[in-house]
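Dear colleague,

I am passing on the structure below, and after it you will find my notes on what came out of the analysis. Please read them with the coordinates open.

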Amino acid sequence: MAVYVTGDTHGSIDLAKLRPRRFEAGSRLTKDDYVIVAGDFGLVWDGSPSELETRDWLDARPWTTLFVDGNHENHELLASLPVEKWHGGLVHRVSGSILHLMRGQVFDLDGLSVFAMGGAESVDRQWRVPYRSWWPEEIPNADERALAETNLAARGWRVDYVVTHEAPYRVLDLMYGDDQAASDEFPRWLDGIASRLTFDVWYFGHHHIDENHGEYQACYEGIYPLGETEPLPVVDSWLPRER
Ligand SMILES: [Fe+2]
């Protein structure tokens, strides 16, 4: 089994990193291998024909796509999808091989445990329309946080890997210092989790940058083998090798 983690895809906008010419290793994978998107997946948005076409393209890739939710998701539509138990945790099934890793769940992937926690605050909220392009559910509520804590306590506060959309406050502090655009309320909750949890690597998206801070890895364009903080080498994406 191979597992990779990458950053926000935003529907089709940032999906090119998963095309064969940018992700050659992907063509050797099977449906028992996984690519995890660290939020702002964006292909459960409006159900438009172009969205469904893009989703079909992704579904037809050799691997299974997993994602935690970001802030730029249609949380209402996501919540309407069927829930099922999958590898020890709960998922929304988007299609045959696209699954949403629900908040606060711990998954077992071939003996490796992965804690998933979507959600973040939109810094562009003022330009968005509630329930059309922005949902208050973007920030995990008290029940979702409590569930996460219960599930982690059941694991003795020890997992192999963490995938979130937002980063713990300590990492934002390293990245931005006092220059933070969003509220620090949810990052501070994540920070509490980080203090209690033993893990190897914590991957997060949201910040649209590939940046390493020790065991914390910000992901955007990079595709990281699970457990590593060095992304796969990028094949020259401008060579005319599109398949
Ligand atoms: Fe994003």
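Which residues are the protein donors of the iron ion, and how far from it do they lie? They are D8 (OD), H10 (NE2), D40 (OD) and H208 (NE2), at 2.0 to 2.2 Å from the ion, where donors are N, O and S atoms within 2.8 Å of the metal (3.2 Å for Na, K and Ca), and where sites may look incomplete because water is not among the atoms.

Before going further, please keep in mind that this is a predicted model, in which local features need pLDDT of at least 70 and side-chain atom pairs count only at pLDDT 80 or more, while totals for chains, interfaces and linings use all residues. Residues are numbered from 1 along each chain as its sequence is written, and side-chain values use heavy atoms, with hydrogens and water left out.

**The iron site**

The angles among the four donor atoms run from 85 to 169°, and the site of the iron ion is irregular; for that term, four donors count as tetrahedral if all angles lie between 85 and 135 degrees, four count as square planar and six as octahedral if opposite donors are over 155 degrees apart and all others between 65 and 115, and anything else is irregular. Along the sequence the donor residues follow the spacing D-x1-H-x29-D-x167-H. D8 sits in the loop between β1 (3-6) and β2 (34-37), and H208 in the loop between β10 (201-204) and β11 (211-213), so this pair ties together parts that are 200 residues apart in sequence. Helices (H or I, at least four residues) and strands (E, at least two) are DSSP runs, numbered from the N terminus.

The donors can also be described by their accessibility, for which buried means under 20% relative accessible area, exposed over 50%, and partly exposed in between (1.4 Å probe, protein chains only). D8 is buried at 0% relative accessibility, and D40 is buried at 1%, whereas H208, at 38%, counts as partly exposed. D40 belongs to the loop between β2 and α1 (49-59), and its phi is near 50°, a positive value in a residue other than glycine.

T9, which is found in the loop between β1 and β2, is buried at 0% relative accessibility. Setting aside neighbours within four places in sequence, T9 is in contact (heavy atoms within 4.5 Å) with D14, L15, K17, V37, G39, D40 and F41, so that one of the iron donors, D40, is among its partners.

**Around β10, β11 and β12**

In the loop between β10 and β11, H206 has a positive phi of about 70° although it is not a glycine, and H206 is buried at 12% relative accessibility. E211, in strand β11, is partly exposed at 24%, and it touches M175, Y216, Q217 and A218 when residues up to four places away in sequence are not counted. Q217 in turn lies in strand β12 (residues 216-218) and is buried at 2%; on the same terms of counting, its contacts include V201, W202, Y203, F204 and E211.

**Strand β3**

F67 lies in strand β3 (residues 64-67) and is buried, with a relative accessible area of 0%. Apart from neighbours within four places in sequence, F67 is in contact with V37, F41, V44, L78, V94, I98, L99, H100 and L101.

**Helix packing**Axes here are lines fitted to C-alpha atoms, for helices over the stretch in contact, and angles run from 0 to 180 degrees between N-to-C directions. Helix α3 (residues 142-154) and helix α5 (residues 185-196) pack at an angle of about 10°, with their axes 12 Å apart, and α3 and α5 are therefore roughly parallel to each other; angles under 35 degrees count as roughly parallel, over 145 as roughly antiparallel, 65 to 115 as roughly perpendicular and the rest as oblique. R145, A148, E149 and L152 of α3 make this contact with E185, F186, W189, I193 and R196 of α5. By class, the contact of α3 with α5 has five nonpolar, no polar and four charged residues, where Ala, Val, Leu, Ile, Met, Phe, Trp, Tyr, Cys and Pro count as nonpolar, Asp, Glu, Lys and Arg as charged, and the others, Gly among them, as polar.

The axes of helix α4 (residues 169-176) and α5 come within 7 Å and cross at roughly 115°.

With best regards
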